[in-house]
Amino acid sequence: HIGMLRAVELLGDLDRLLLPDELARLLRDAGLDVVAASPEYLRAKPDTGALLGLRLVLRDAAGEVTEWPVYLRTHDEPRARQLAAKWHAERAVGTPFGPGVRLLPGGRSVLFLFPNDAALRGIRFVHDKQKLKRALGGLDALLADGERVSGKRTRLETVRYKPERRLIQRARLCITGADGGEREQSVFLRYFTDGRGASIDKLSRALRAGPLGDRVPKSFGSLLDGRLHVEAEVQGAPLLDQALGGRADAQRR
């Protein structure tokens with residue numbers, strides 16, 4: 001086990017990245033105004049590389065302080081430089097903190113600032129409200145004839161982000177009708193690296209059509225080759241939270 005741990009520590013810059021002070025220093029050297037930085041989780045493949053999710057608080061050019069989703073890929077120098085080279089200026093999405101993808105000093109680690117992600121292809125269609133509203137326009141189960149999603153008045157909130165695996169967002173959609181009327185629809189957007197969203201849509205519809213009925217959230221369908229699944233938000237509190245707080249009997253339910 002000691003040998004395995006040492007092999008992991010020797011991956012790229014990982015020995016520095018796991019130390020908050022060293023991590024912050026490396027990111028500042030890359031041109032970021034770091035207020036706070038700490039590693040949150042690690043996925044490592046010995047002898048190959050590692051992915052490190054960060055809790056990162058940054059200050060932008062206007063002086064505003066924001067916590068921003070970020071992750072690092074660290075490898076040997078040739079592989080890290082090759083990875084960074086794929087993200088030319090036209091491909092990377094800009095951020096309030098500068099370039100969305102950058103090679104860190106030393107050339108062994110690549111930083112990805114959300115919504116840039118090396119595996120979640122097309123994530124901008126979920127993050128960008130104008131692109132999202134156009135994508136949702138293809139869901140007949142969500143919109144009646146003449147209705148459209150207002151990108152400007154739609155609100156997005158990231159619920160969970162696992163870099164290079166999945167993104168879950170809550171969206172409060174402002175939907176306008178042909179008569180000018182408005183309604184709000186709250187949905188969850190689940191975005192994957194593959195067609196899992198289409199599988200979830202199929203399963204949800206089958207469960208909802210069975211004895212469970214309305215206890216299963218309504219699925220509005222899937223988009224983007226099945227990578228994006230859209231379902232209605234169910235109002236209420238999770239049963240587990242209620243049971244742990246002594247406000248519900250999990251056995252009786």
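On the side of helix α3 away from its buried residues, Asp 21 and Asp 29 are exposed; here exposed means over 50% relative accessible area, buried under 20%, and partly exposed in between, with a 1.4 Å probe and protein chains only. The model is predicted, so local features need pLDDT of at least 70 and side-chain atom pairs count only at pLDDT 80 or more, while totals for chains, interfaces and linings use all residues. Residues are numbered from 1 along each chain as its sequence is written, and side-chain values use heavy atoms, with hydrogens and water left out.

Helix α3 covers residues 20–29, and its buried residues are Leu 23, Ala 24, Leu 26 and Leu 27. Viewed down the axis of α3, these buried residues fall within an arc of 160 degrees, so they line one face of the helix; the arc is that of the directions from the helix axis to the C-beta atoms. An α-helix has 3.6 residues a turn, so residues three or four places apart point the same way. Helices (H or I, at least four residues) and strands (E, at least two) are DSSP runs, numbered from the N terminus. The cover over the buried residues of α3 includes α2 (14–17), β1 (34–45), β2 (49–59), β3 (65–74) and β5 (109–113), where contact means heavy atoms within 4.5 Å. After α3 comes Gly 31, with a positive phi near 100 degrees.

Helix α4 (residues 77–85) can be described in a similar way. Its buried residues are Ala 80, Leu 83 and Ala 84. They cover an arc of only 95 degrees around the axis, which puts them on the same side of α4. On the other side of α4, Pro 78, Gln 82 and Ala 85 are exposed. The buried residues of α4 pack against β3, β4 (101–103) and β5. At the N-terminal end of α4, Asp 76 acts as a cap, with a side-chain oxygen 3.0 Å from the backbone nitrogen of Arg 79. Such a polar contact is a pair of N or O atoms within 3.5 Å; within protein, one must be able to donate a hydrogen and the other to accept it, and residues adjacent in sequence count only if both atoms are side-chain atoms.

Strand β3 holds Tyr 71, which is buried with a relative accessible area of 0%. Not counting residues up to four places away in sequence, the residues that Tyr 71 touches include Leu 51, Leu 52, Val 110, Phe 112, Asp 117, Tyr 161 and Glu 164. With Glu 164, the side chain of Tyr 71 makes a polar contact of 2.8 Å. Val 230, by comparison, is 159 residues from Tyr 71 in sequence and 25 Å from it in space, C-alpha to C-alpha. Another buried polar residue is Ser 150, with a relative accessible area of 8%, and its place is in strand β6 (residues 148–162). A polar atom of the Ser 150 side chain lies 3.4 Å from the backbone nitrogen of Arg 153.

Charged pairs come next. The whole structure contains 18 salt bridges, each defined as a side-chain nitrogen of Lys or Arg within 4 Å of a carboxyl oxygen of Asp or Glu. In one of them, the side chains of Glu 22 and Arg 16 meet at 3.0 Å, N to O. Glu 22 is partly exposed at 25% relative accessible area, and Arg 16 is partly exposed at 27%. Another salt bridge joins Glu 67 to Arg 55, with the closest N and O atoms 3.7 Å apart. Because Glu 67 lies in strand β3 and Arg 55 in strand β2, the pair ties together parts that are 12 residues apart in sequence. A further salt bridge links Asp 194 and Arg 196, whose closest N and O atoms are 3.4 Å apart. Salt bridges that share partners also join Glu 157, Arg 170, Arg 172 and Glu 233 into one network.

The surface also has a nonpolar patch, formed by Leu 203, Leu 207 and Leu 212, with about 250 Å² of accessible area together. Patches are made of residues with over 30% relative accessible area and no salt bridge, with like charges joined within 9 Å and nonpolar side chains (Val, Leu, Ile, Met, Phe, Trp, Tyr) within 5 Å. Accessible areas come from the Shrake-Rupley method with a 1.4 Å probe, and for residues, only the protein chains shown count as cover. Leu 212 sits in the loop between α7 (196–209) and β9 (219–223) and is partly exposed, with a relative accessible area of 38%.
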